[in-house]
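Colleague: I am new to this structure and would like a close look at a single part of it. Could you walk me through the salt bridges, and then show me what surrounds them?

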Amino acid sequence: MGTQGQEDERLLLEEGVPQNESRGLYTGDGSVDIRGQPVLKRNTGNWRACPFILGTECCERLAYYGIATNLVTYLTKKLHEGNVSAARNVSTWAGTCYLTPLIGAVLADAYWGRYWTIAAFSTIYFIGMCILTLSATIPAFKPAGCVGSICPSATPVQYTIFFFGLYMIALGTGGIKPCVSSFGADQFDDTDPKERVKKGSFFNWFYFSINIGAFVSSSLIVWIQDNAGWGLGFGIPALFMGIAIVSFFAGTPLYRCQKPGGSPLTRMCQVLVASFHKWNIEVPEDSSLLYETHTSAIEGSRKLDHTDELKCLDKAAVISDDENKSEEFSNPWRLCTVTQVEELKILIRMFPIWATGIVFAAVYAQMSTMFVEQGMMMDTTIGSFAIPAASLSTFDVISVIFWVPVYDRFLVPIARKFTGKERGFSELQRMGIGLFISVLCMSAAALVEMKRLSIARALGLVDEAVPVPLSILWQIPQYFLLGAAEVCTFIGQLEFFYDQSPDAMRSLCSALALLTTSLGNYLSSFILTVVTYITTKGGRVGWIPDNLNEGHLDYFFWLLAGLSFLNMVVYVFCAKKYKHKRAS
């Protein structure tokens, strides 16, 4: 395929194809292959390249959720940690997994490009998976089992090996998470209306593939971990991570790549320094007098039109008298282009929308922590079959798998007739719907917990750390609502931060979107810590004791429901004020 593409390019040059005709054969967004050569549109990208990317994401997510879904159980049952300590460790690790993408994003946008960043960090990820598997397999690397009620703690060496592998996985995710979705979207030419519509559909099916992997993990892998052993339960996800790497490299001849555009952080600093240096210079009323090059000075980026907000930053693009006289325009720390200034403006405009995603991420974090601990104190048997509490997250995945095709194939066409928008709902509308559903999710969780506690009191089980005879299937509504909220909010975020970001900052903006999940996990840990501190004062058992029957987990869920509602109100206000990017 690649050889044929090179031959076609050679013939085009030799035969002198007219420039406008040649443009139709190539993408209009400057895509290249991994060697940096222009690629023919008909031979690369589009849906033909996506199966390899979606396959990579599906297998990688199976590996990730194979660890994350049941991690709180491993920490409590095998490393013998308490409920609060285990929940805090899970939230902190998950938060780190969404913090490290900032590292990968900067490397991808500035130096390596998305393809090589994914390749390098996948290797780190795989090594971490192997170390984690060894920590659960080799007897010397794991603590001894409980003898009656006495459970020996893990030694410092055992903790070190386990958490070293765990945080290598967190580092590995840093190069994959911010790049894979953007790399998949890069396969569609943003200047082609037909491909642009397909790009919106790609984000839906990208999230669908994530949840296929999560579905296998939350059902089959969790069952294997609880019944066949943790060595095998961690080894299978490691194997699938290896398959993910193979799938990614298999699609190499078909990929369209974007050239790295230099450090986005450096460009932002240059705008701040240049505008501060010219603080006493007035910005001209005519924006055409501001400095801009004929073509974008930023590699792999289109020019951005000037906007009237944040005029103080426009000072960086004002050509001073000294610069006019000397005709010296090459120092970016003194003079920046309009496009460079607009990049920073875009990030500032996106900040309020970004910030409102943090509370939603804190709600989402409960699925792998408090929802699981709530489920462990309910009746997990159906007939003669025992359901692991962590497996209930399968219903979140089923919800996503149900709602993605319904949204893409039914709701979008219907909404398109009323709104006239290509994608039915705008990204901002979609995210707002998800925030509203998250309020309903936490309310459902609180109602289930109220019912569970009332049964515990009625049966005199308050002082006993035993499951209450209330079927764990009562948790299904909260998981199903959370899945619907994901389809709206998380996919909306993927679309929003890709579409609204500057061309040369797409990995960085994807990482910023993921950072909300990180901060949401840290917020969840912080709320847990504060709630535990306040509610255990004076010798009280608190809202979330080790024996949940004598606590009030329902109060914690109501607290999150209230925070979610306030967050939604703030979001609606910010979304109404938001002004969209204007690319030349």
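Modeller: Happy to help; what follows starts with the salt bridges and then moves outwards to other parts of the chain. Please keep in mind that this is a predicted model.

The count of salt bridges comes to 17. A good place to begin is R114, which has two acidic partners to look at. One is D109, where the closest N and O atoms are 3.5 Å apart. The other is D186, with the closest N and O atoms 2.7 Å apart. R114 sits in helix α6, while D186 belongs to the loop between α7 (156-185) and α8, so this pair ties together parts that are 72 residues apart in sequence. Are these residues buried or exposed? R114 counts as buried because its relative accessible area is 7%, under the 20% cut-off. D109 is buried as well, at 4% relative accessibility. D186 is buried too, just as R114 is.

Helix α6 spans residues 101-137, and W112 is another of its residues. At 40% relative accessibility, W112 counts as partly exposed. Together with I34, Y111 and W116, W112 forms a nonpolar patch on the surface, and these residues have about 440 Å² of accessible area between them. If you colour R114 and W112 in your viewer, you can compare a buried residue with a partly exposed one.

Now turn to helix α13, where another salt bridge awaits. Here the side chains of E342 and K345 meet, at 3.2 Å from N to O. The two are 3 residues apart in α13 (residues 338-355), which means they are separated by about one helical turn. As a general point, an α-helix has 3.6 residues a turn, so residues three or four places apart point the same way. Both partners are covered: E342 is buried at 1% relative accessibility, and K345 is buried with a relative accessible area of 0%. Elsewhere, K41, D189 and D192 are joined into one network by salt bridges that share partners.

Staying in helix α13, you will also find Q340. Q340 counts as buried, at 8% relative accessibility. Setting aside neighbours within four places in sequence, Q340 is in contact with R267, Q270, V271 and I298.

A further residue to look up is E323, in helix α12 (residues 321-326). E323 is buried, with 10% relative accessibility. Not counting residues up to four places away in sequence, E323 touches K278, V318, E328, F329, R334 and L335. For a sense of distance, pick out P237: E323 and P237 are 86 residues apart in sequence and 59 Å apart in space, from C-alpha to C-alpha.

From here we can move to the nonpolar interior. The largest nonpolar core has 147 residues, and those with the most contacts inside it are Y64, W93, F162, I353, F371, F556 and F557. What does F557 touch, not counting residues up to four places away in sequence? Its contacts are M370, F371, Q374, M442, A445, A446 and E449.

Helix α16 (residues 394-419) is worth a stop as well, for a kink of about 45 degrees centred on Y407. Y407 is buried, and so are other residues of α16, including T394, D396, V397 and V400. The buried residues of α16 pack against α8 (193-227), α17 (427-458) and α18 (476-499). Just after α16, G420 takes a positive phi of about 75 degrees.

Positive phi values also turn up in residues other than glycine. N46 has a phi near 55 degrees, and its place is in helix α3 (residues 46-68). N46 counts as buried at 12% relative accessibility. L310 is not a glycine either, and its phi is positive at about 50 degrees. L310 lies in the loop between α10 (264-277) and α11 (311-314). In terms of cover, L310 is partly exposed, with a relative accessible area of 31%.

If you want to trace the walk again, return to R114 and its salt bridge with D186, then go on to E342 and K345 in helix α13, and finish at the kink centred on Y407.

Notes:
Residues are numbered from 1 along each chain as its sequence is written. This is a predicted model: local features need pLDDT of at least 70, side-chain atom pairs count only at pLDDT 80 or more; totals for chains, interfaces and linings use all residues. Side-chain values use heavy atoms; hydrogens and water are left out. Patches are made of residues with over 30% relative accessible area and no salt bridge: like charges are joined within 9 Å, nonpolar side chains (Val, Leu, Ile, Met, Phe, Trp, Tyr) within 5 Å. Accessible areas come from the Shrake-Rupley method with a 1.4 Å probe; for residues, only the protein chains shown count as cover. A salt bridge is a side-chain nitrogen of Lys or Arg within 4 Å of a carboxyl oxygen of Asp or Glu. Helices (H or I, at least four residues) and strands (E, at least two) are DSSP runs, numbered from the N terminus. Buried means under 20% relative accessible area, exposed over 50%, partly exposed in between (1.4 Å probe, protein chains only). The bend at a residue is the angle between axes fitted to the seven residues ending there and the seven starting there. Contact means heavy atoms within 4.5 Å. A nonpolar core is a set of buried Ala, Val, Leu, Ile, Met, Phe, Trp, Tyr and Cys residues joined through side-chain atoms within 4.5 Å.
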